[in-house]
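Biologist: I am new to this structure. Please take a close look at a single part for me, the interface, and then set it in its surroundings.

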Amino acid sequence: MSVGATPAAGDGKPLVRVQNLVKYFPLRGGILQRTVAEVKAVDDVTFDVRAGEVFGLVGESGCGKTTTGRLLLRLIEPTSGTVEFDGRDLTKMKSDELKKTRSDMQIVFQDPYASLNPRLPIGEIIGEGLSNMGVRDRHQREERVAAILDKVGLRRYYINRYPHEFSGGQRQRIGLARALVLEPKFVVADEPVSALDVSIQSQVLNLMADLKDELQLTYLFISHNLSVVEHISDRVGVMYLGKLVEMSSTEDLFKNPKHPYTKFLLSAIPKPDPRQHRQRLILSGDVPSPINPPTGCRFHTRCPIAQFPICSEQQPAFELKSTGHWAACHFAEQTKELEKESGFVAPAIEAVDEEAAAIGQAERSAASEPEDVLESELDEEARRRSSEPLGGE
Amino acid sequence: MDVQQEVLRVEGLKTHFKTQDGSVKAVDGVDFHVNQSRTLGIVGESGCGKSVTSLSIMRLLPRNGRSLAGRILLEGRDLLKLPEDEMRAIRGDDVSMIFQEPMTSLNPVFTCGEQVAEAIRQHKKVDDQEARKRTVDLFKLVGIPAAERRVKDYPHELSGGMRQRVMIAMALSCDPKLLIADEPTTALDVTIQAQILELLRGIQQQKQMAIILITHDLGVIAEMAQDVIVMYAGKVVERGTVEQIFEKPLHPYTQGLLASIPGRGTKGKRLNVIKGTVPHPFNLPPGCLFAPRCPHAFDRCPTAFPALMDQGDNHTAACFLYGEEFEPGTEAKPQPTEKAS
Ligand SMILES: Nc1ncnc2c1ncn2[C@@H]1O[C@H](COP(=O)(O)OP(=O)(O)OP(=O)(O)O)[C@@H](O)[C@H]1O
Ligand SMILES: Nc1ncnc2c1ncn2[C@@H]1O[C@H](COP(=O)(O)OP(=O)(O)OP(=O)(O)O)[C@@H](O)[C@H]1O
Ligand code: SF4
Ligand code: SF4
Ligand SMILES: [Mg+2]
Ligand SMILES: [Mg+2]
């Protein structure tokens, strides 16, 4: 872990401060249902979310984004580590205090279909939190529900309708209304637009931006869609296998990614520009299992510039590499040279690049003992093939 | 664009569904063609008829659906007129399809290798040993590492990306002339998507296949397709080369879609929005189906559905901003006089 300053300390007042957060889910088996293994869903993550910002959290499926979001609201208990909200440690709060604090923190879910109770009219779905927070007066409750419906752009007379009568985009507005009716300071939005078509997605993104300004909200915005995150976030954190591997301002992250994994992620985004047939970096293999993650740097089984044995033995610290820019890579400063050496970045012709990448792959596989469950059984020839989509026949 | 290179031509295709509440015009007059070694992208939002179009080509529609008009010409032969047994021979042989969710299309109780080998045996006269050998070769072709061992795995033992590779291996087992890929990467992470798209591109070059790539992701279209059709509510509203569509979109719907994509250029700005939502199939507006959402709609728009009109270089759009032509029979009728003729 980093020594001294925590990521983001120093500029901007943190609203949420996450320190060394860990969540292992036990996997039980056998007749005694003993813990046979653990899923290391979130493994020692440290970051701040500053008041008034949109903090984007990206990474591939299963890397721990949702678990992080739920831990921040203490919807699940951490294995260890702390989450401070507005200066108070959430993980130590008793239920009374937690309940009070919860009204300041809300969550919006990905699936606008599954997350709304189909048997309740939307007025009740949205008003539920108000009754839980002790707003007993029915009239008062309805007034507040109607007001928030206005804000999210739904008509007041929808109040007695049921979720199935609404389209996906409208349901996501209902989800937002439910989260915002308690006037929270902090909202975890977990893939809020992933299930929506692009024309509806833009409506909801605009709405979220408007509401943020109007209600002075702070968002943790979780998404696997990097273009959406680039659009809406002030800062971005990139996760890989339960670890935060990079964090910086959005602009800096997209312009000067420092971690090799981030470079792959950015390169994989399909760009809506047919003339820009870019040199694409293709990451080979799959994400290893979070039950038995690779030793050392968790990315070393797929990293084209990995250096052995350091990368497979020593965990890189999550450190400040330049102003406001954090990364966890032993070689973040030397990526350019190492990329050249390993043939990772190649001339502008695609065919040549494939060859070069394949050579890089073969080189590193010769140098390493891969931990990845899938890849560990492979001989060098098969590894070379896997990085060569054409198979060469 | 040689005529002899054309693999598939779809003309005036209409596929409707019977439901309790009435008929759903899922595909309502669709025209396009695909050439050898080229990729046609079909793009449009959820429910616009992309999957129904591909299922119509494969003749794999659910029971309540029927293609009631049009022609689907595979190298000149009309698939809609073929008896089922001939169609079965074409499926998997000349035309293959891969679906969005590979898990639902693979049988969980057979190993991946057995399923691919079975597909080979169905179409080629080869013995078991030869089929098994070809299966391993196919697994290698689609970049499955340790192919000899992976053929013995069951679908659930593979990751999503690997399962999609198995599906592609199966689709390629008989060297199809046309591959239909319906959202082949939508369920996958971006890095895995990049692997699969690269794989498809490579195999296409090698085998000179025609590909129909269906997706709602305009970025994927821009990277993969040479020709594009944009669908809206069961109709083709614009058709052109990928450069024409992305650089000079004509139809207001295409323009709206392209402008609503978030990304670098939009940071800190409001995104463009297409107001409203796609119309419900039982509640279609009269005339141009996009009119209630269109920022340029004018008095002519609700009167009939505009025909696809060529604006030069085979770039066509169905919009009255570019001409007066309309599809015969789509005129909005003030009174129900439709049974007159
Ligand atoms: N309740 C649970 N019990 C056991 N394992 C869990 C549980 N919840 C999550 N996991 C595991 O923890 C890891 C992280 O999951 P998480 O849902 O946080 O990922 P994510 O980044 O949100 O992925 P996605 O993009 O697919 O939503 C995964 O391997 C997941 O299978
Ligand atoms: N079996 C069916 N019975 C009735 N209507 C159907 C049936 N199958 C599809 N439809 C309707 O046909 C229309 C087109 O559906 P289709 O699946 O082709 O959309 P799509 O463009 O593939 O959308 P998506 O992006 O969501 O996959 C939709 O309105 C759908 O509800
Ligand atoms: S620490 Fe080593 S393996 Fe990890 S990202 Fe950096 S170079 Fe690659
Ligand atoms: S025909 Fe009219 S409503 Fe339809 S897209 Fe063109 S301008 Fe818009
Ligand atoms: Mg998640
Ligand atoms: Mg579909």
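Modeller: Start with one term: two residues are in contact when heavy atoms of theirs lie within 4.5 Å. Keep in mind that the model is predicted.

Begin at Ser233(A). This residue sits in the loop between α7 (226–232) and β9 (235–240) of chain A. Leaving aside residues up to four places away in sequence, Ser233(A) touches Val54(A), Phe55(A), Gly56(A) and Thr250(A) in its own chain, and Lys267(B) across the interface. How buried or exposed is Ser233(A)? Its relative accessible area is 0%, so Ser233(A) counts as buried. Leu220(A) gives a sense of distance: 13 residues separate it from Ser233(A) in sequence, and 8.9 Å separate their C-alpha atoms in space.

Now look at the other chain. Gln195(B) belongs to helix α8 (residues 190–207) of chain B. Its contacts, again without residues up to four places away in sequence, include Ile282(A), Leu283(A), Ser284(A), Gly285(A) and Arg302(A). Arg165(B), from its own chain, is touched as well. One link stands at atom level: the side chain of Gln195(B) reaches the backbone oxygen of Leu283(A) at 2.4 Å. Gln195(B) is buried, because its relative accessible area of 6% falls under the 20% limit.

Step back to the whole interface. How many residues of chain A are in contact with chain B? There are 53, and they meet 53 residues of chain B. The size of an interface is often given as the accessible area lost when the parts come together. Chain A and chain B bury about 4600 Å² between them. Carbon and sulfur atoms account for 53% of that area.

Next come the polar links. With both residues at pLDDT 80 or more, 16 residue pairs are in polar contact across the interface of chain A and chain B. Two salt bridges are counted between the chains. Asp210(A) forms a salt bridge with Arg270(B), with the closest N and O atoms 2.5 Å apart.

Which parts of chain A supply the side that touches chain B? At least two residues each come from α6 (198–215), α7, α8 (250–255), α9 (260–268), α12 (350–367) and α13 (380–386) of chain A. The largest share is that of α6(A), with nine residues. By class, the residues on this side of chain A divide into 20 nonpolar, 16 polar and 17 charged.

Behind that face stands the rest of chain A. The chain has 393 residues, and 56% of them are buried. Its secondary structure comes to 13 helices and twelve strands. Among contacts in chain A with a separation of 6 or more, 64% join residues 24 or more positions apart.

One such long link is a salt bridge within chain A. The side chains of Asp43(A) and Arg298(A) meet at 2.4 Å, N to O. Asp43(A) lies in strand β2 (residues 34–50) and Arg298(A) in the loop between α9 and α10 (310–313), so the pair ties together parts that are 255 residues apart in sequence. Both ends are buried: Asp43(A) has a relative accessible area of 8%, and Arg298(A) is at 9%.

Chain B has its own salt bridge between strands. Arg71(B) and Glu11(B) meet at 3.1 Å, N to O. Arg71(B) is in strand β4 (residues 65–74) and Glu11(B) in strand β1 (residues 6–19), so the pair ties together parts 60 residues apart in sequence. Arg71(B) is partly exposed, at 38% relative accessible area. Glu11(B) is partly exposed too, at 25%. Over all chains, the structure holds 41 salt bridges.

Finish with the ligands. Of the 13 residues around ligand 1, those that come nearest are Ser61(A), Gly62(A), Lys65(A), Thr66(A) and Thr67(A). Oxygen atoms of ligand 1 meet polar atoms here. One lies 2.8 Å from a backbone N or O atom of Gly62(A). Gly64(A) has a polar backbone atom 3.0 Å from an oxygen atom of ligand 1. Thr66(A) offers a side-chain N or O atom at 2.7 Å.

Ligand 3 also has 13 residues around it, and Cys297(A), Cys303(A), Cys311(A), Cys329(A) and His330(A) come nearest. Its shell has ten nonpolar, three polar and no charged residues. Around ligand 4 are residues of chain B, among them Cys288(B), Cys294(B), His296(B), Cys301(B) and Cys319(B). That shell has ten nonpolar, two polar and no charged residues.

Key:
Residues numbered from 1 in each chain as written. Chains lettered and ligands numbered in written order. Predicted model: local features only at pLDDT ≥ 70, side-chain atom pairs only at ≥ 80, totals over all residues. Heavy atoms only, no water. Helix = DSSP H or I, 4+ residues; strand = E, 2+ residues; numbered from the N terminus. Buried < 20%, exposed > 50% of the residue type's maximum accessible area, 1.4 Å probe, protein only. Near = heavy atom within 4 Å. Nonpolar A, V, L, I, M, F, W, Y, C, P; charged D, E, K, R; others polar. Buried area = accessible area lost by both parts, 1.4 Å probe. Salt bridge = Lys/Arg side-chain N within 4 Å of Asp/Glu carboxyl O. Polar contact = N/O pair within 3.5 Å; in protein donor to acceptor, adjacent residues only side chain to side chain.
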